[in-house]
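Reader: Before I rely on any of the labels attached to this protein, I would like to hear the reasoning behind each of them. Could you take me through them one at a time?

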Amino acid sequence: MSIKIGENIDLGEFPLLLAPMEDVSDPPFRYVCKQNGVDMMYTEFISSEGLIRDAAKSRQKLDIFEYERPIGIQIFGSDIEHMRQSSEICSQANPDLIDINYGCPVKNVACRGAGASLLQDIDKMVAMTKAVVEATHLPVTVKTRLGWDDSTKNVYEVAERLQDIGIKALSIHGRTRAQMYKGQADWSMIRDVKRNPRIHIPIFGNGDIDSVEKAAAWRQEYEVDGIMIGRASIGYPWIFREIKHFFNTGERLEGPTIAERVEVCRTHLTKSIEWKGDKVGIFEMRRHYANYFKGIPNFKEYRMQLVTLQTFEEIQEVLDEIQHSFSEVVV
Ligand SMILES: Cc1cc2nc3c(=O)[nH]c(=O)nc-3n(C[C@H](O)[C@H](O)[C@H](O)COP(=O)(O)O)c2cc1C
């Protein structure tokens, strides 16, 4: 059975989604994920206050490209009227959907009444979502957590009430706000939501999927409509094609060779420079190298070069060297 968001977004049988990630899921990273078979992606979260002030950083995050479809723009905020206005601004950027973040646990978001903090005030969350839904012709989806803390795991109620006011899909990260990113994600409540006979929108499971085996096991065990993957894709966008291949054929794909790692890393760098310019593109790419080459023995010297060199040409040379030096290595 094909999973659909609203009338028009058809995601196929068991979609794999790239999680929205601040400072990670920008267009250059999304490009390499798209090349590797991801079914739907989201922008990094965008502050509604920033959008309304027309801040450059928020505006830039609205950049989306045709080949990325289907893609959602994610917004967060604490003020209902500002979220409504942001919904209008995002609609003009013409994404396939708008996603609201009710999951971010970090202090300067959750302690300012945005992100996961709305889990403490479901009435306000419902009013905010309604305002966003009514301000756009696009489908609206939500990403949230199990609840604020252990004593208030209210995602079951959240799912019902948000569905009632018109959201078209819900992604649930199997942790509370209090857990931040600690401990293990618990998907059992995600299954409870999915099993609720009142719920008919797609429910996507999120949290800790980092292998083909886990994706297959948790698909069975928790009965979700699709899986959203964040951290495991950083420096390893192949995770999408590996999981897809396994679901389609029952067979495991070989992991990427060093040559493939170098090639995708090079593409990521090239896209980064194209979109951000030389200086910022090279600088912001530095956070990704260690992930692309994780597990290669005696890599430190190359990593040091990659994170200090200032020009595209020099970095290209180091990437060539890595390809030659480690061509026999399997990681
Ligand atoms: C670096 C980083 C940035 C993140 N930024 C966002 C964000 O902008 N919006 C959001 O909804 N979640 C954000 N998250 C949470 C992820 O979307 C996801 O819910 C979480 O990482 C758990 O999934 P995973 O175990 O597959 O990584 C972020 C997570 C990380 C690690």
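Author: The questions below deal with burial, the core, the domains, the ligand shell and the backbone. This is a predicted model, in which local features need pLDDT of at least 70 and side-chain atom pairs count only at pLDDT 80 or more, while totals for chains, interfaces and linings use all residues. Residues are numbered from 1 along each chain as its sequence is written.

Reader: Why is Lys143 called buried?

Author: A residue is buried if 20 or more other C-beta atoms lie within 10 Å of its own, exposed if 12 or fewer, and partly exposed in between, with C-beta atoms placed from the backbone. Lys143 has 27 C-beta neighbours inside 10 Å, and therefore counts as buried. Lys143 lies in strand β7 (residues 140-147), where helices (H or I, at least four residues) and strands (E, at least two) are DSSP runs numbered from the N terminus.

Reader: What is Lys143 in contact with, leaving aside its neighbours within four places in sequence?

Author: Two residues are in contact if their C-beta atoms, placed from the backbone, lie within 7 Å. With neighbours within four places in sequence left aside, Lys143 is in contact with Pro20, Asp99, Asn101, Tyr102, Gly103 and Ser171.

Reader: Which residues does the UniProt annotation "binding site" cover, and what makes Gly230 buried or exposed?

Author: The annotation, from an unreviewed entry, covers Gln74, Lys143, His173, Gly230 and Arg231; UniProt positions are given in the numbering used here, feature names are shortened, and annotations may be inferred rather than shown by experiment. Gly230 has 20 other C-beta atoms within 10 Å, so Gly230 is buried. Gly230 lies in the loop between β10 (226-229) and α10 (238-249), and, leaving aside neighbours within four places in sequence, is in contact with Ala19 and Met21.

Reader: Which residues come nearest to the ligand, and how is the shell around the ligand divided by class?

Author: A residue is near a molecule if its C-beta atom, placed from the backbone, lies within 6 Å of it. Of the 21 residues around the ligand, Ala19, Met21, Phe45, Gly230 and Arg231 come nearest. Ala, Val, Leu, Ile, Met, Phe, Trp, Tyr, Cys and Pro count as nonpolar, Asp, Glu, Lys and Arg as charged, and the others, Gly among them, as polar; on that scheme the shell has nine nonpolar, seven polar and five charged residues.

Reader: What does UniProt list for "active site", and why does that residue count as buried or exposed?

Author: In the unreviewed entry, UniProt lists Cys104, which is found in the loop between β6 (97-102) and α5 (107-110). Cys104 counts as buried because 23 C-beta neighbours lie inside 10 Å. Not counting residues up to four places away in sequence, Cys104 touches Phe45, Phe76, Val109, Ala110, Gly115 and Ala116.

Reader: Where does the largest nonpolar core lie with respect to the domains, and how do you know that?

Author: A nonpolar core is a set of buried Ala, Val, Leu, Ile, Met, Phe, Trp, Tyr and Cys residues joined through C-beta atoms within 7 Å. The largest such core has 89 residues, and those with the most contacts inside it are Ile75, Leu170 and Ile227. Domain 1 (4-249) and domain 2 (258-325) both give residues to this core, so it lies between them; the domain bounds come from an automatic or database domain assignment.

Reader: How far apart are the centres of the two domains?

Author: Taken over C-alpha atoms, the centres of domain 1 and domain 2 are separated by 29 Å. Their contact takes nine residues from domain 1 and ten residues from domain 2, and the side of domain 1 that touches domain 2 divides into eight nonpolar, one polar and no charged.

Reader: Why are Asp23 and Glu223 described as exposed or partly exposed?

Author: Asp23 has 9 other C-beta atoms within 10 Å and is therefore exposed, whereas Glu223 has 14 and is therefore partly exposed. Asp23 lies in the loop between β3 (16-18) and α1 (27-35), and Glu223 is found in the loop between α9 (212-222) and β10.

Reader: What makes the backbone worth noting at these positions?

Author: Most residues other than glycine have a negative phi, and most peptide bonds are trans. Phi of Asp23 is near 65 degrees, a positive value, and phi of Glu223 is also positive, near 65 degrees. The peptide bond from Arg69 to Pro70 is cis, with omega near -5 degrees.
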